[in-house]
Amino acid sequence: MKLTLKIWRQASTQAQGKFETYVRDDFDAAMSVPEMLDHLNRFLIKSGEDPIAFESDCREGICGQCGFTINGHIHSSDAGTTTCQTHLRSFKDGETLWLEPFRVGAFPVKKDLMIDRSALDRIIQSGGYISVDTGPAVEANSQLISHETAESAFDSAACIGCGACAAVCPNASASLFTGAKISHLAKLPQGQVEAPKRVLSMVQAMDAEGFGACSLVGACEAVCPQGISLANIAQMNEEFRKAWWG
Ligand code: FES
């Protein structure tokens, strides 16, 4: 399979970047996008060139490390799909692909297609946890949680922290991410003790990292590979209102 790859190359955060063109006709349609880059990198390394820096870990759509844009699409033009789960069979033989890192002020480019997502880690560190006593696990049936509540909390907890929500948002807002991290704990009894402190800290941390406010454009929900719902932002706002006004 022949592809022309226009890939963003940037040596460091401070360096100026630009697109470089690579043409190969020996890609396999069964390759995923990271496998395509592995394949290209083998040739770059052999010829003494700097390989393309990109991130991936699980390569099965659950770690959130691999995101960049392909032909302007966040992650992938396939709905609900991470970059690592996008395969070359989604493209036409002879097609040109433009690969570019997510463009968000809070995610500086580290190198080529790699960005620094640690702003999201700092939001979680500010309150995305519960405090529990050490010791043996509590008997599960001592605190009954309805199936519906458990499923809803799990849907929120499915956020993989890839940053696609902020990358597609015209305000570069991380409200879908932060809302999901607040909501999955707010829905469960274990999350109630620290709930007011948590929402205030996490929203403050989100603002401090330079993410914008949500104006309900809804693009975040549309590109989220995990299908995280806008309802998580509504719940974050409600939790914030309760914590602020009592
Ligand atoms: S590498 Fe883990 S989600 Fe893509």
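In what sense do strand S1 and S2 pair, and over how many bridges? Strand S1, residues 3-9, pairs with S2 in the antiparallel sense, and the pairing runs over seven bridges. Within that pairing, Arg9 stands opposite Lys18 in S2. Keep in mind while reading that this is a predicted model.

**The sheet and its helix**

Those two strands belong to an open sheet of five strands. Reading across, the order is S2-S1-S5-S3-S4, and the pairing is mixed. The edges go to strand S2 (18-24) and strand S4 (73-74); each has a single partner strand, so one side of each has no neighbour in the sheet. Helix H1, residues 33-46, lies across S1, S2, strand S3 (69-70) and strand S5 (96-100). If you want an orientation for H1, it runs at about 85 degrees to S1.

**Two domains**

The domain assignment splits the protein chain into domain 1 (3-111) and domain 2, which is written in two pieces, 118-131 + 144-245. Their C-alpha centres are 28 Å apart. As for the contact between them, domain 1 puts in 13 residues and domain 2 puts in 17 residues.

**Empty space, closed and open**

Now for the voids. A search of the whole structure turns up three cavities of 30 Å³ or more. Here are the two largest cavities and the two largest pockets, with the make-up of their linings.

| Void | Volume | Lining by class |
|---|---|---|
| Largest cavity | about 100 Å³ | 11 nonpolar, five polar, no charged residues |
| Second largest cavity | about 80 Å³ | nine nonpolar, two polar, no charged residues |
| Largest pocket | about 220 Å³ | six nonpolar, five polar, two charged residues |
| Second largest pocket | about 170 Å³ | five nonpolar, three polar, six charged residues |

Start with the largest cavity. Its lining counts 16 residues, and the ones nearest its centre are Cys169, Ser173, Cys214, Gly218 and Cys220. Helix H5 (175-186) and helix H7 (219-223) each bring at least two residues to that lining. There are no charged residues around the largest cavity.

The second largest cavity, at about 80 Å³, is lined by residues including Cys159, Cys162, Cys165 and Cys224, along with Leu176, Phe177 and Ile228. Two or more residues of that lining come from helix H4 (164-168), and H5 likewise gives two or more. No charged residues show up in the lining of the second largest cavity.

On to the pockets. The largest pocket has a volume of about 220 Å³. It is lined by 13 residues, with Val132, Asp133, Val138, Gln143 and Gln190 closest to its centre. Two charged residues are part of that lining.

The second largest pocket comes in at about 170 Å³. Of its 14 lining residues, Gln65, Arg117, Ser118, Asp121 and Gly161 are the closest to the centre. Helix H2 (118-125) and H5 each supply at least two residues of the lining, with H2 giving the largest share at four residues. Six of the lining residues are charged.

Why does the second largest pocket lie between domain 1 and domain 2? Both domains give residues to its lining, so that is where the pocket sits.

Technical notes: Residues are numbered from 1 along each chain as its sequence is written. This is a predicted model: local features need pLDDT of at least 70, side-chain atom pairs count only at pLDDT 80 or more; totals for chains, interfaces and linings use all residues. Side-chain values use heavy atoms; hydrogens and water are left out. On a 1 Å grid over the protein atoms alone, a cavity is a set of points where a 1.4 Å probe fits but cannot get out, and a pocket is an open set with protein on both sides within 12 Å along at least five of seven lines; lining residues have an atom within 4 Å of a point. Grid points are joined across faces, edges and corners, and a volume is the space filled by probe spheres set on the points. Ala, Val, Leu, Ile, Met, Phe, Trp, Tyr, Cys and Pro count as nonpolar, Asp, Glu, Lys and Arg as charged, and the others, Gly among them, as polar. Two strands pair if DSSP finds at least two bridges between them. Contact means heavy atoms within 4.5 Å. Axes are lines fitted to C-alpha atoms, for helices over the stretch in contact, and angles run from 0 to 180 degrees between N-to-C directions. Domain bounds come from an automatic or database domain assignment.
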